[in-house]
Structure formats: structure tokens, C-alpha cells
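Visitor: I am new to this structure and would love a close look at one part of it. Could you take me to the aromatic rings and show me what surrounds them?

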Amino acid sequence: YIHDLITTNYLKDSKSIFENVTYECGFTLAEIGEEEKAIPYLEECYSSTDNLTYRQEFLSMLSNLTDPRTVEYIRKEINLCKDHNITDQKHLSLLNRRLAYVLIEYGELKEAEALLNELLKDPESAEFAKRELDYIKSL
């Protein structure tokens, strides 16, 4: 029993340390302008953790790079939140803002506009939505 307890705690701590080190490597690479090199580290964190900060950093990185996988990953994350009843409004707001941003970048203006109109109702995203809607109108 003691052996199992020690092993379980050790493995749990090791996983946590691995996630933290991997995240810090990716975050640091991104901060020094090496976003492409940061992606594998942040993607590893995204795939192996429930830590919203780590997950958000990866999605933000993809969004900023307009990586072709971004829309798929963000939609997947939104669906995961729905499936697991994650109700962290800040996280959901960020995901929707990132999705709108990427849709605009890819020229999916009708879909982006529909999403932004929904975001006008979200206090976390209303200002962003107004700015982006104005931007779409200016195009």
C-alpha cells in the first residue's frame, strides 16, 4: 500500500513537473519570437493537461500565427467545454474571441460576423466584438 501511494504521488508529481517545464519552454520560446519552435511544446501541454492557462496559451499561439489548425482546435476546445460542463466564462469568452479573430483572418466574414454579434452580449467580449465588427465593415 505504501509503495502504491508513493508511486502514485511520484508519478502525479512527475507529470505535473513535466507539464510545467514543457509549458515554460514553449512560453519562453514564444516570448523571444520563436513561435514556430514553441508550438510543439505548447501542443504537448494542450494534449496532456486540463490546465486552462496551458491550453489557452497554445490556442493563442496558433491564433497569432494563423496556423491552419487553429479553427479546428478552438472548435474542439469549445466542444470539450460543453461536453464536460466547463462553465469558466473567461475561458469560453477567450475561445470565442480567438475563433472570431481567426475566422476574420481566413476571410470567413459571415461566420465571424454572426459570432461577433453573439459576443456583443458577453461582457467579457463586447468591446472586442464592436471593434471587430467595425473592422469587418471597413473591409
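Guide: Happy to! Let us begin with the whole protein, which has seven helices and zero strands. Read along the sequence, the pattern is therefore simply α-α-α-α-α-α-α under the helix and strand assignment used here. Please keep in mind that this is a predicted model. The average pLDDT is 87, and 91% of the residues score at least 70. One stretch calls for caution: residues 1–7 stay under 50 in pLDDT, and the model gives them zero contacts beyond four places in sequence. As for dimensions, the C-alpha trace spans about 65 × 35 × 20 Å along its principal axes.

Now to the rings. A search of the whole structure finds five aromatic pairs. Start with Tyr23 and Tyr54: their ring centres are 4.2 Å apart and their planes meet at 20°, so this pair is stacked. Planes under 30 degrees apart are what earns that word. The two partners come from distant parts of the chain, with Tyr23 in helix α1 and Tyr54 in helix α3, 31 residues apart. Both Tyr23 and Tyr54 are buried. There is a third member here as well, since ring pairs link Tyr23, Phe27 and Tyr54 into a cluster.

While you are looking at Tyr54, find Glu19, which touches it. Glu19 belongs to helix α1. With a relative accessible area of 10%, Glu19 counts as buried. Leaving aside residues up to four places away in sequence, Glu19 touches Cys45, Ser48 and Thr49 in addition to Tyr54.

A second ring pair has another geometry. The rings of Phe58 and Tyr73 have centres 5.0 Å apart and planes at 85°, so they sit edge-to-face. Here the cut-off is an angle over 60 degrees. Phe58 is part of helix α3 and Tyr73 of helix α4, so this pair ties together parts that lie 15 residues apart in sequence. Phe58 is buried, because its relative accessibility is 0%. Tyr73 is buried too, at 13%.

One more ring deserves a glance, this time with a charge for company. The charged end of Arg55 sits over the ring of Tyr46, 4.1 Å from the ring centre.

Phe58 also leads us into the interior. The largest nonpolar core has 33 residues, and Phe58, Leu59, Leu95, Leu99 and Leu116 touch the most other members. Helices α1 (2–31), α2 (35–48), α3 (52–65), α4 (70–83), α5 (89–105), α6 (109–119) and α7 (126–138) each supply at least two residues of this core. Helix α5 gives the most, with seven residues. In soluble globular proteins, nonpolar side chains tend to be buried together.

Leu95 is a good place to stop and look around. Not counting residues up to four places away in sequence, Leu95 touches Leu59, Ile74, Glu77, Ile78 and Cys81.

Stepping back out, 37% of the 139 residues count as buried. Among contacts between residues at least 6 apart in sequence, 46% join residues at least 24 apart. The accessible surface comes to about 8700 Å², and 53% of it belongs to carbon and sulfur atoms. If you return to the rings now, compare the stacked pair of Tyr23 and Tyr54 with the edge-to-face pair of Phe58 and Tyr73.

Definitions and conventions: Residues numbered from 1 in each chain as written. Predicted model: local features only at pLDDT ≥ 70, side-chain atom pairs only at ≥ 80, totals over all residues. Heavy atoms only, no water. Core = buried A, V, L, I, M, F, W, Y, C linked by side-chain atoms within 4.5 Å. Buried < 20%, exposed > 50% of the residue type's maximum accessible area, 1.4 Å probe, protein only. Helix = DSSP H or I, 4+ residues; strand = E, 2+ residues; numbered from the N terminus. Contact = heavy atoms within 4.5 Å. Phe/Tyr/Trp six-rings, centres within 6.5 Å; stacked < 30°, edge-to-face > 60°. Lys NZ or Arg CZ within 6 Å of the ring centre and 35° of its normal. Areas by Shrake-Rupley, 256 points an atom, 1.4 Å probe, with all protein chains shown as cover. pLDDT = per-residue confidence, 0-100.
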